[in-house]
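Colleague: I'm new to this structure and would love a close look at one part of it. Could you pick a single strand, walk me through its surroundings, and then tell me about the open and enclosed spaces in the model?

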Amino acid sequence: MVCLSLMENSIENNLETFKKYQNIIDIVELRLDMLDNPLKISPLNIRLMFSVPIIITFRRDIDGGHFRGSEKYRRSVLSEFAKIKFEYMDLEIDTTFTDVESMAHSLGVQIIRSYHNFNNVPANLESIIRTLSSKSGEIPKAAVFPANSTETLELFKVIDSIKDIKKKIIIGMGEYGIPSRILYKKLGSMLSFCSIKDKSAAPGQLSPEDMIYLYHVKKISKSTLVFGIIGNPVMH
């Protein structure tokens, strides 16, 4: 699936962005940390506005988001959104909002358990992914920052050792992580994120137009052949 991260400061602007791309994307991520006042927004109205599955995300600044407030406030916002049956809710590896998780599970909302590393690709990536998937029914999401092509290849190598984890999201951030976004199906990832060009949700994220019309990600499969080009620079 191609997931559009909605990064506007109002639901109205997010809805406008969604309508522009609704014919080419499969799912949206609603970034609550970007909204002016998420507690004043009706989760039910949001659910009715969008015709595709929704990932609810309230990202802290330490995880690459924009929220710098208290965990008490973040929990209260997520509690309100956990009362409505959205398809997914993204919670960080160290977030323990037991009440929020219980409400979400009771409605059949799937928890995406995420890990973010903006420094490198950790040597124990497999172990981290298994920790993320240790709770029954949760989907592991690992977003790491390869510093070179060798580290990018490590993302593809780890896939062989976690084939038993059916649902997962593996992301390489930054310039060297772009191949992982385009070849997400070869990584065994259930989705790849994109965002509009002036509202990037993470380093290296591509636009919906580039994902679909330039790189044709929906035509790529696990059996797609991959070739390398040696040169400097090669991004062009």
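Modeller: Happy to! In this predicted model, strand E4 (residues 88–92) and strand E5 run parallel and are joined by five bridges. To find one point of contact by eye, look for Leu91, whose bridge partner in E5 is Arg113. The chain links these two strands by way of helix H4 (residues 98–106), and E4, H4 and E5 together make a right-handed β-α-β unit.

Let's stay with E5, which spans residues 110–116. Strand E6 (residues 139–144) also pairs with E5, again through five bridges and in a parallel direction. Here a good pair to look for is Ser114 of the strand we are following and Lys141 in E6, which stand opposite each other. Helix H5 (residues 125–132) belongs to this part of the story: E5, H5 and E6 make a right-handed β-α-β unit. E5 therefore takes part in two such units, one with E4 and H4 and one with H5 and E6, if you apply the clockwise rule for a right-handed crossover.

How much of E5 is covered? Six of its seven residues are buried, which means that each of those six has under 20% relative accessible area. As you look along the strand, keep in mind that side chains in a regular strand alternate between the two faces of the sheet.

Now for the open space you asked about. The largest pocket holds about 1,000 Å³ of space. Its lining counts 24 residues, and those nearest the centre are Pro179, Phe227, Gly228, Ile229 and Val234. Two helices to find there are H6 (149–158) and H7 (178–182), each of which supplies at least two residues of the pocket lining. H6 gives the largest share, with four residues. By class, the pocket lining has 16 nonpolar residues, seven polar ones and one charged one.

The enclosed space is quickly told. There is one cavity of 30 Å³ or more in the structure, and the largest cavity holds about 40 Å³ of space. Around this cavity you will find Ser5, Leu6, Met7, Glu8, Asn14, Thr17, Ile196 and Lys199. Strand E1 (2–6) and helix H1 (11–21) each supply at least two residues of that lining. The cavity lining is made up of three nonpolar, three polar and two charged residues.

Definitions and conventions. Residues numbered from 1 in each chain as written. Predicted model: local features only at pLDDT ≥ 70, side-chain atom pairs only at ≥ 80, totals over all residues. Heavy atoms only, no water. Buried < 20%, exposed > 50% of the residue type's maximum accessible area, 1.4 Å probe, protein only. Pairing = 2+ DSSP bridges. 1 Å grid on protein atoms, 1.4 Å probe; cavity = no way out; pocket = protein on both sides within 12 Å on 5 of 7 lines; lining within 4 Å. Points joined across faces, edges and corners; volume = space filled by probe spheres on them. Nonpolar A, V, L, I, M, F, W, Y, C, P; charged D, E, K, R; others polar.
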